[in-house]
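The following exercises concern the structure shown below. Each task is followed by a solution in steps.

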Amino acid sequence: MPILEAEQVSMKFGGLVAVDRVNFNVEKGDITSIIGPNGAGKTTFFNMLTGIYTPTVGRIIFNLQDITGLSPDRLTKLGIARTFQNLRLFGNMSVIDNVLVGRHCRLKTGLIGALLRSVSVKQEENKAKQKALELLNYVGLGSFKAYGVAKNLSYGDQRRLEIARALASDPQLLLLDEPTAGMNPKETAALTELIQRIRQELDLTILLIEHDMKVVMGISDRVMVMRDGVKIAEDSPQNVRSNPEVIEAYLGKEED
């Protein structure tokens, strides 16, 4: 059963059609990848799914609910979390505080309770910190890095921190925008293993944009291919790899 559906979704910026009438489903429990050449419309499509852009036309359905045009914070509360191609951490904040930002949407404390510092507020804060420490350990950062400044982490660890922050919101659907970008082969292999563990152990559905074809072919259940804002293929990794239209999109068409 699909957890996420896009129905005839388009996005126009003035006269430019960035995404054109895309139909797309993500099955619950799957790892699904979106690939395509630069400028294919992948990130624009991601931004519509996560509320940054509202589609010009079309609908987006999550768990049978129409979420078209809902704000990112409302989508987070519904169970959608994402990371970004360009890291969006709070560099001058501590590592654990970055994770706690992601946890905020699940806290029940109101303004009055926070001001009065009631027992229930302190208990909730302690539980949130414990959850954050558990997530840091889970993604491989270790609690010993929790109180360091986020910007001092290595690039690979900052990627892991962004995933931990997304997981802190208890999502059902996790969207990863080029999670291995800029990583060396060892870091890429380790992060790929983490993504697989997240799906298996946390029972999450994962949708990612990725340029590394080894990663895509190694972990995906389904792959959608975009070119010039249009979906040109959606199939298993094996079938996508041999699809003539996909090969042409990446390598160009041979002249007769």
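**Exercise 1.** Is Glu245 buried, partly exposed or exposed?

*Solution.* The structure is a predicted model, in which local features need pLDDT of at least 70 and side-chain atom pairs count only at pLDDT 80 or more, while totals for chains, interfaces and linings use all residues. Residues are numbered from 1 along each chain as its sequence is written, and side-chain values use heavy atoms, with hydrogens and water left out.

Step 1. Buried means under 20% relative accessible area, exposed over 50%, and partly exposed in between (1.4 Å probe, protein chains only).
Step 2. Glu245 has a relative accessible area of 34%, so the residue is partly exposed.
Step 3. Glu245 forms a salt bridge with Arg227, with the closest N and O atoms 3.7 Å apart; the term denotes a side-chain nitrogen of Lys or Arg within 4 Å of a carboxyl oxygen of Asp or Glu.
Step 4. Because Glu245 belongs to helix 10 (residues 244–251) and Arg227 to strand 9 (residues 222–227), the pair ties together parts 18 residues apart in sequence. Helices (H or I, at least four residues) and strands (E, at least two) are DSSP runs, numbered from the N terminus.
Step 5. Arg227, at 22% relative accessibility, is likewise partly exposed.

**Exercise 2.** Describe the salt bridges of Arg82 and Asp170, and the surroundings of Thr83.

*Solution.*
Step 1. Arg82 pairs with Asp177 in a salt bridge, the closest N and O atoms being 3.4 Å apart. The partners lie in strand 6 and strand 7, 95 residues apart, and both are buried.
Step 2. Asp170 meets Arg103 in a salt bridge at 2.7 Å, N to O. Asp170 is in the loop between helix 6 and strand 7 and Arg103 is in helix 3, so this pair ties together parts 67 residues apart in sequence.
Step 3. Asp170 is partly exposed at 36% relative accessible area, whereas Arg103 counts as buried at 16%.
Step 4. Thr83 is found in the loop between strand 6 (80–82) and helix 3, and is buried with a relative accessible area of 3%. The side chain of Thr83 reaches the backbone nitrogen of Asp177 at 3.4 Å.
Step 5. Leaving aside neighbours within four places in sequence, the residues in contact with Thr83 (heavy atoms within 4.5 Å) include Glu162, Ile163 and Ala166.

**Exercise 3.** How many residues does the largest nonpolar core have, and where does it lie with respect to the domains?

*Solution.*
Step 1. A nonpolar core is a set of buried Ala, Val, Leu, Ile, Met, Phe, Trp, Tyr and Cys residues joined through side-chain atoms within 4.5 Å. The largest has 36 residues, and Leu136, Leu161, Leu174 and Ile198 have the most contacts inside it.
Step 2. Helix 5 supplies the largest share of this core, six residues.
Step 3. Domain 1 (1–79 + 171–255) and domain 2 (86–170) both give residues to this core, so it lies between them. Domain bounds come from an automatic or database domain assignment.

**Exercise 4.** Characterise the interface between domain 1 and domain 2.

*Solution.*
Step 1. The C-alpha centres of the two domains lie 26 Å apart, and the contact takes 22 residues from domain 1 and 13 residues from domain 2.
Step 2. The buried area is about 1,500 Å², with carbon and sulfur atoms giving 65%; buried area is the accessible area (1.4 Å probe) that two parts lose on being put together, summed over both.
Step 3. Zero salt bridges are found across the interface of domain 1 and domain 2.

Terms used
A polar contact is a pair of N or O atoms within 3.5 Å; within protein, one must be able to donate a hydrogen and the other to accept it, and residues adjacent in sequence count only if both atoms are side-chain atoms.
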